[in-house]
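Visitor: I am new to this structure and would like a close look at a single part of it, taken slowly and followed from one end to the other.

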Amino acid sequence: MSNQPQLHYAGFWRRTLASLIDTLWMMLVITPLLVYFYGWEYFDPYQSPPLDGVADLLLTWVAPAIAVILFWRAKQATPGKMAVHARVVDARSLQTPGTGQLIIRYLGYFIATLPLCLGLLWVAFDSRKQGWHDKLAGTLVICNPVIMPAAKQPSVAAYKA
C-alpha cells in the first residue's frame, strides 16, 4: 500500500457548492458598497442602466476578477473551494498554476457559460472533471487529501486481517 495520497478530482456538485459559497461572500462584500455609491435604485432594472459608472465597473467586474485570481494564486482556492476542501492545480505538474493560466481560467468561465452553461456542465461528464475553462487553462480541481491523525489511522494488523 502506497503512502502517496490518491488523486481525487473535485466533481460537479462539490464545485457547484464552492461556487455558491463564493457568490455569497462576494455579495456580502460588494452589495453594501454598491448601495453606498448608487443607493437601492441600483438593483431596480427600470431605474438603473446596465453599467452605472466607474464604481459599478470596478465593484462588479474588476474587483471580483482580481480577488479570485489572487486567492487562486495564494491559496490555490477561493474561500468556497477551501470550504469544500478543493484546490486548483496545473494539470501536468499538479502544482500551483501560473498567473497567466489563472487569468485564462477566469476568462474561460465566460466562454464556458455562453452556450447554455455547457462548458460548466462539462465537469459532470468529463473523466478528469474539467470544465472548458479548465481545459483552456490546463488546470484541474482536485480534492485535498484527507490526512488522518496518527491515533486514528488503522494499524497494519487491520489490513492483514
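Guide: Before we start, one term is needed: a helix here is a DSSP run of H or I with at least four residues, and helices are numbered from the N terminus. The model is predicted, and the part I have chosen is helix α1, which takes in residues 12–38. At 1.5 Å a residue, its 27 residues should span 39 Å, and the end C-alpha atoms lie 36 Å apart, which agrees. Along the way α1 bends by about 30° at Met27. Just after the helix comes Gly39, whose phi is positive, near 80°.

Turning to the side chains, the buried residues of α1 are Arg15, Ala18, Asp22, Met26, Ile30, Leu34 and Val35, where buried means under 20% relative accessible area. An α-helix has 3.6 residues a turn, so residues three or four places apart point the same way. The buried residues of α1 pack against α2, α3 (79–83), α4, α6 (132–137) and the strand β2 (139–143).

Two of these partners, α2 (54–75) and α4 (99–113), also each supply at least two residues of a nonpolar patch, a surface area of about 1,000 Å² whose members include Leu51, Trp61, Ile103 and Phe110. Helix α2 gives the most to that patch, with seven residues. Leu58, another member of the patch, is found in α2 and is partly exposed, because its relative accessible area is 43%, a value between the 20% limit for buried and the 50% limit for exposed.

Note on methods:
Residues numbered from 1 in each chain as written. Predicted model: local features only at pLDDT ≥ 70, side-chain atom pairs only at ≥ 80, totals over all residues. Heavy atoms only, no water. Patch = residues over 30% accessible without salt bridge, like charges linked within 9 Å, V, L, I, M, F, W, Y side chains within 5 Å. Areas by Shrake-Rupley, 256 points an atom, 1.4 Å probe, with all protein chains shown as cover. Salt bridge = Lys/Arg side-chain N within 4 Å of Asp/Glu carboxyl O. Buried < 20%, exposed > 50% of the residue type's maximum accessible area, 1.4 Å probe, protein only. Expected span 1.5 Å × (residues − 1). Bend = angle between axes of the 7 residues up to and from the residue. Contact = heavy atoms within 4.5 Å.
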